[in-house]
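Colleague: I'm new to this one, so could you pick a single part and walk me through it slowly? Here is what I have open.

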Amino acid sequence: ITKPNKIIPLIEKLLNESDANLVVSGSSPAKGAPPETPEQYLIRVARNRGIQSLAILDCWGLYLERFANINGDLDDTLIPDVICVMDKIAKEDLVSLGINAEKLYITHNPWLDQIANHVLEPCKEIGVARKILFVSQPIAEFREIRGWNYSQDSIFQNLIQTLLRINRSESRDVVVLPHPAEDHSRWQQTKLPQSSGINIEVTNRRDKQLFACADLVVSSHSTMSYEAAYYSIPGLSLRINGPRLEKHITDRFGLTNLVSTHAELYNYLQYVDFSAERGRLIQLKKNLKKQGIFFSDGHATERVEKIIDLMLSRQNISSTPYARTKLS
């Protein structure tokens, strides 16, 4: 958790030295009482100095943790002058919370520009999940803050135990990708389950080859499910005995499946035809892309840069032809 007595002087010093007219940031959700994130402090300090601010969202949900106070009420000092959002769904969500629509511009997601038009062909068309990518998250590390009664360890154990219950002759490969913010010692080879027929590998690579030959991506609510959706790889949001969180955006659109019981997990792994599921996702991606929902067209960075240029020139963004035709 960011300590105000450390972060505020650094922000003040940075703004003094840069003589900034605009601050641009991401938008991380606070894990404790806001303001808590560097972005929240940056926006608040900039507002106090009369400096414009722009935040770029790269995921859906947890909006109150970004823009509200400890009571859950929107806090104007945490809301930037302009928010670049991913699609009309995100815009509608934020407007429904009470954020002024004039602050919101649909740009798509700059992070995903690099893979917007890439395709990964499956290594082979098979009906079962032989290679599973497990994307870990620091759930245990934030248990005291979030109060969730499950962890990355319990999710992983549920996955392995269910795979062992399924009667298959072929072996399964489970590739674990640890999160940078978690204790990696839990993924030491000596601590991993040793089971015949299940090969467990731990990797730290984070590129598109991570998804090569993956038949299934499993996590609690990782944004890496976005990338899997771009590659039309089936995914599970695995939350057995977990909290009643809002649906992950990929669950809302049917790009991943929310699994909250042992029976659901077993039935999915035992009976889903993964070749057919990949075909369904390919068609779903085409439909959503036509509607401008979720999937980027590869020009998000260009749009954000245009908005920054307009803000620096002190033009009214909403009155420009570019904004009207390309962003809103």
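Modeller: Sure, let's take helix α2, and keep in mind that this is a predicted model. Helix α2 covers residues 38-49, twelve residues in all, and spans 17 Å from first C-alpha to last, close to the 16 Å expected at 1.5 Å a residue. Right after the helix, Gly50 has a positive phi of about 75°. Going back the other way, the loop between β1 and α2 holds Pro35, and the peptide bond leading from Pro34 to Pro35 is cis, its omega near -5°.

Now look at which side chains of α2 are tucked away. Glu39, Gln40, Tyr41, Leu42, Ile43, Val45 and Ala46 are its buried residues. Their packing partners are α1 (4-18), β1 (22-25), β2 (52-56) and α3 (64-67).

Let's zoom in on α1 as a partner. The axes of α1 and α2 are 10 Å apart, and the two helices pack at an angle of about 50°. That angle is neither under 35 degrees nor in the 65 to 115 range, so α1 counts as oblique to α2. Their crossing is right-handed. On the α1 side, the contact uses Pro4, Ile7, Ile8, Ile11, Glu12, Leu15 and Asn16, while α2 brings Pro38, Tyr41, Leu42, Val45 and Arg49. Sort the residues of this contact by type and you get nine nonpolar, one polar and two charged. As you trace them along each helix, it helps to know that an α-helix has 3.6 residues a turn, so residues three or four places apart point the same way.

Methods. Residues are numbered from 1 along each chain as its sequence is written. This is a predicted model: local features need pLDDT of at least 70, side-chain atom pairs count only at pLDDT 80 or more; totals for chains, interfaces and linings use all residues. Side-chain values use heavy atoms; hydrogens and water are left out. Helices (H or I, at least four residues) and strands (E, at least two) are DSSP runs, numbered from the N terminus. The expected span of a helix is 1.5 Å times one less than its number of residues. Buried means under 20% relative accessible area, exposed over 50%, partly exposed in between (1.4 Å probe, protein chains only). Contact means heavy atoms within 4.5 Å. Axes are lines fitted to C-alpha atoms, for helices over the stretch in contact, and angles run from 0 to 180 degrees between N-to-C directions. Angles under 35 degrees count as roughly parallel, over 145 as roughly antiparallel, 65 to 115 as roughly perpendicular and the rest as oblique. A crossing is left-handed if the near helix is turned anticlockwise from the far one by less than a right angle, and right-handed if clockwise. Ala, Val, Leu, Ile, Met, Phe, Trp, Tyr, Cys and Pro count as nonpolar, Asp, Glu, Lys and Arg as charged, and the others, Gly among them, as polar.
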